[in-house]
Amino acid sequence: MRRLLLVLLALALLGLGLSRLVAFRAELTDLLPPARGPATTFLLGELRNGAATTLMLAAIEGAPEPELARLSRDLGEALRQSGRFSFVGNGAQDFSEAERDLLFRYRYLLSAATAPPLFEAPALRAGMERLLAGLRSAAAPLVARFGFADPAGVFLDTMRGWLGESRVELRHGVWFAGTGQEGAGQDGAGPPRALLLARLAGTGSDTEAQAAAMAVFHEAFTRAGRGAGPGEARLLLSGPGVFAAEAAAAVRADVEMIALLSGLLILGFLLWRFRSALVLAAVAVPLLAGMLAGLAAVAAWHGAVHGAAFGFGMTMLGVVVDYPLLLLGQRRPKGEGEEEAVAGAARRIAPSLLLAAGSAALGLTAMLASDVPLLRQLGLFGAAGLLAGVAVTRWLLPSLLPATPPPLRPLPGPVLAALAPLRGRRRLLLAAPLAGLALLATGGPRWEDDLARLSPVPEAQRALDAELRGQLGAPDVNLLVAFTAPDAEAVLRLSERIDAALAPLVARGALAGFDSPSRYLPSAATQRARQAALPAPESLRARLAEAAAGLPFRPDAFRPFLDGLAESRALPPLTVADLAAAPVLAARLSPMLAPRGAAWQGLVIPAGVRDPAALRQALTALGEPAILFIDVKAETTGLVLAASREALFWAAAGALGVLALLALGLRGGGPLAALRRGAPILAALLVTLAALALLDQRLTPFHLAALLLSAGVGIDYALFLARPARDPAEARRGLEAVLTCAVTTLLTFGLLALCATPVLRGIGLTVAIGVTAAFLLSLALAPRPAR
């Protein structure tokens, strides 16, 4: 007993130390194969570190509009002061005074309206009349401040362009959902909703920064809401970082619930079956050893362990629990002649035990040749863990247990009586061709092709994200135009060529519009051309006098306009470097213009594409190899399907390797013997696929991992139920041992089918069906004992 406890303590301490040393990662792109072209290379880069990964969307609702506005202002100010965000937009402080002055000074160089007709007398007259009307309105202070220096209204148009085409409304000084949208308030649909948009300082791949930013959001909202009454207002958050946290929370809640439920059920079952806590502790030794071996192997080989590889690797190691249960269950008790010691039972079943573990490990090892990082880690973790677990069971565990542990409690007679007639009923294998027919009738297994569904993000969170994006006017990006150049100026020049090519598509309705970096920051050449279009002072004075004739303006009222034009003619072009001191402007431009390594990358985002072929043709006509037209949906679908095909290929390769090992390792072996032992497993996999198709489950790499688990467990059943029994008592004991393994596996992993998280539910469903089918079909091929 003391040795067993010392070994358990040592393994637990090793596990604690190793978990602190090993780096864990949670990159969704590890689920995907490497890029196979420029478009997928770009997309994978954006998924890892693109500007979209730093975006956080927020809404406040559940209180009257004035209270929501106050909360929005206080929250926005707290976020800006936290230093964790490069941009916080809520309408209260869109631009600082310095940024507003910068835009005003460069208004004529930035505006596409800057052209000779803008400064002719008719256009100036129309601007002066608008100015008069504005001076009589509630906006008189703003109009008076800028109108006399800019009667053409170029500055206000430029500022609106930098703010973007959001669908928000400014009420009480902050953003609210626009009228007619859900959460609009006032005369719109539903209660009012204040909106905020923030961009993290740093990269989206920094998961710790994402989590810290979420904490800052919630803490600032809590502080802002103190003393505001009964606190009906609530904060809603969305964005990639929030997705990761929500997914982790959902998975953690499901896993904790299932772990508690299955743990209690398994503990009760094994205590009832083995009548000894000592035996339960011994069962944990191979499992802990397998976990340590898998974790150490992956960390040593890959440098870091993916969270999904660890989670699903531990699922795979559920097979290891079978080994001590088979050892104890196969031991001959005192009532059947001379009582067999645990060490003797270990030697007797060693060939079948080692062959079962080797076959399961070989099936996983084939994944090491995969191009998908997660599959490589999963294969290594599972294979190393299985081999370590079986080694501990065979050579260490017998020395930790009493030579003759307490006898097992027999399973209920009605259960065994119901199963006994199934032994040797080969007609049950007809389930395999029936399953094949069902697959043909349903069109075969259907593969999941949506990258978003590979992430365990709750459906409610995805719906909220779509709703907030619609309210804030954030683009739903399905098509992208990406391009690179040696420097930012070259990117802006290429962006202007793309703008010119797409403008005719907008004019004829093939395209609703587009967003591009040159819309906000024209190239230096374009800015100089606009400077050249500015009129000379003498001619402008004459046009001003002509335009102002009959209007109630003093002769020198537009002196600021003349001075501004003189300043604009002498300005150097505005560059990306100049925006370093303007964080809001830089944050607005950075998603579409950013450095990538030694080069610069630009993005044009089309909106309302009605004719994708025309868009592609217009871009092709530019003859620029640096331009990529990216269909995001098609590319991500291709990546997901490639990952699934990759997983399926290596699972099939592993299955062939297992058959080869069985052919070599079985007594009186050969291909026919291997097929006989492998037949129930292959049939069980076919039945599982048919059942999943009938249940409308789309297959993902996670389902394939669960199928591998089912196959690894099924090999144990096939090999141990096929062992010849010298009498009915030994046959019954073997059946009880294998049934005990099946029950613990179903209690451990089959309960995942009750999870709310779709990915976990699919895994649990796959394991439950696969393990049940493998047990029943292995029993159908088991030899009947001599009577």
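Hi everyone. Let's start with Tyr 717, which counts as buried at 1% relative accessibility. Before I go on, please keep in mind that this is a predicted model.

So who keeps Tyr 717 company? Tyr 717 forms an aromatic pair with Phe 775, and the arrangement is edge-to-face, with 6.1 Å from centre to centre and 90° between the planes. Phe 775 is buried as well, at 5% relative accessibility. What I like here is the distance along the chain: Tyr 717 belongs to helix α28, residues 701-721, while Phe 775 belongs to helix α30, residues 758-780, and the two are 58 residues apart.

While we are around α28, have a look at the loop between α27 and α28, where you will find Asp 696. Asp 696 is not a glycine, and still has a positive phi of about 60°.

Back to the rings. How many aromatic pairs does the structure hold? There are ten. One of them is Phe 146 with Phe 155: the ring centres are 4.8 Å apart and the planes meet at 40°, so this pair counts as tilted. Both partners are hidden from solvent by our cut-off, which is under 20% relative accessible area. Phe 146 comes in at 9% and is buried, and Phe 155, at 1%, is buried too. Ring pairs also bring in Phe 104, giving a cluster of Phe 104, Phe 146 and Phe 155. And Phe 104 has a charged visitor: the charged end of Arg 107 sits over the Phe 104 ring, 4.0 Å from its centre.

That brings me to charges. Side chains of opposite charge can pair when their charged atoms come close. Searching the whole structure turns up 15 salt bridges, and I have picked three to show you.

The first on my list is Glu 467 with Arg 193, where the closest N and O atoms are 2.6 Å apart. This pair links distant parts of the chain, since Glu 467 is in helix α18, residues 459-472, and Arg 193 is in strand β6, residues 193-200, with their positions 274 residues apart in the sequence. Is each partner buried or partly exposed? Glu 467 is partly exposed, at 24% relative accessible area, whereas Arg 193 is buried, at 5%. The pair also belongs to a network of salt bridges that links Glu 61, Arg 193, Arg 234 and Glu 467. If you have the structure open, do click through those four residues.

Next comes Arg 497 with Glu 624, whose closest N and O atoms are 2.7 Å apart. Here again distant parts of the chain are linked: Arg 497 is in helix α19, residues 488-507, and Glu 624 is in the loop between α25 and β13, 127 residues apart. Arg 497 is partly exposed, with a relative accessible area of 38%, and Glu 624 is partly exposed with 28%.

My last salt bridge joins Arg 519 and Asp 515, with 2.8 Å between the closest N and O atoms. Arg 519 is partly exposed at 30%, while Asp 515 is buried at 16%.

Now for helix packing. Helix α11, residues 277-302, packs with helix α15, residues 373-400, at an angle of about 145°, and their axes are 7 Å apart. The crossing of α11 past α15 is right-handed. What kinds of residues make up the contact of α11 with α15? By class, there are 18 nonpolar, seven polar and one charged.

Staying with α11 for a moment, Ala 299 falls within its residues, 277-302. The C-alpha atoms of Ala 299 and Leu 21 are 9.3 Å apart in space, although the two residues are 278 apart in sequence. Leu 21 lies in helix α1, residues 2-21, and Leu 21 is exposed, with a relative accessible area of 73%.

One more residue before we finish. Arg 423 is found in the loop between α16 and α17. Is Arg 423 buried or exposed? With a relative accessibility of 10%, Arg 423 counts as buried, because the limit is under 20%. Along the chain, Arg 423 and Ala 731 are 308 residues apart, yet 10.0 Å separates their C-alpha atoms.

That's my tour. Thanks for listening!

Key
Residues are numbered from 1 along each chain as its sequence is written. This is a predicted model: local features need pLDDT of at least 70, side-chain atom pairs count only at pLDDT 80 or more; totals for chains, interfaces and linings use all residues. Side-chain values use heavy atoms; hydrogens and water are left out. Helices (H or I, at least four residues) and strands (E, at least two) are DSSP runs, numbered from the N terminus. Buried means under 20% relative accessible area, exposed over 50%, partly exposed in between (1.4 Å probe, protein chains only). A salt bridge is a side-chain nitrogen of Lys or Arg within 4 Å of a carboxyl oxygen of Asp or Glu. Rings of Phe, Tyr and Trp (its six-membered ring) pair if their centres lie within 6.5 Å; planes under 30 degrees apart count as stacked, over 60 as edge-to-face and the rest as tilted. A charge sits over a ring if NZ of Lys or CZ of Arg is within 6 Å of the ring centre and within 35 degrees of the ring normal. Axes are lines fitted to C-alpha atoms, for helices over the stretch in contact, and angles run from 0 to 180 degrees between N-to-C directions. A crossing is left-handed if the near helix is turned anticlockwise from the far one by less than a right angle, and right-handed if clockwise. Ala, Val, Leu, Ile, Met, Phe, Trp, Tyr, Cys and Pro count as nonpolar, Asp, Glu, Lys and Arg as charged, and the others, Gly among them, as polar.
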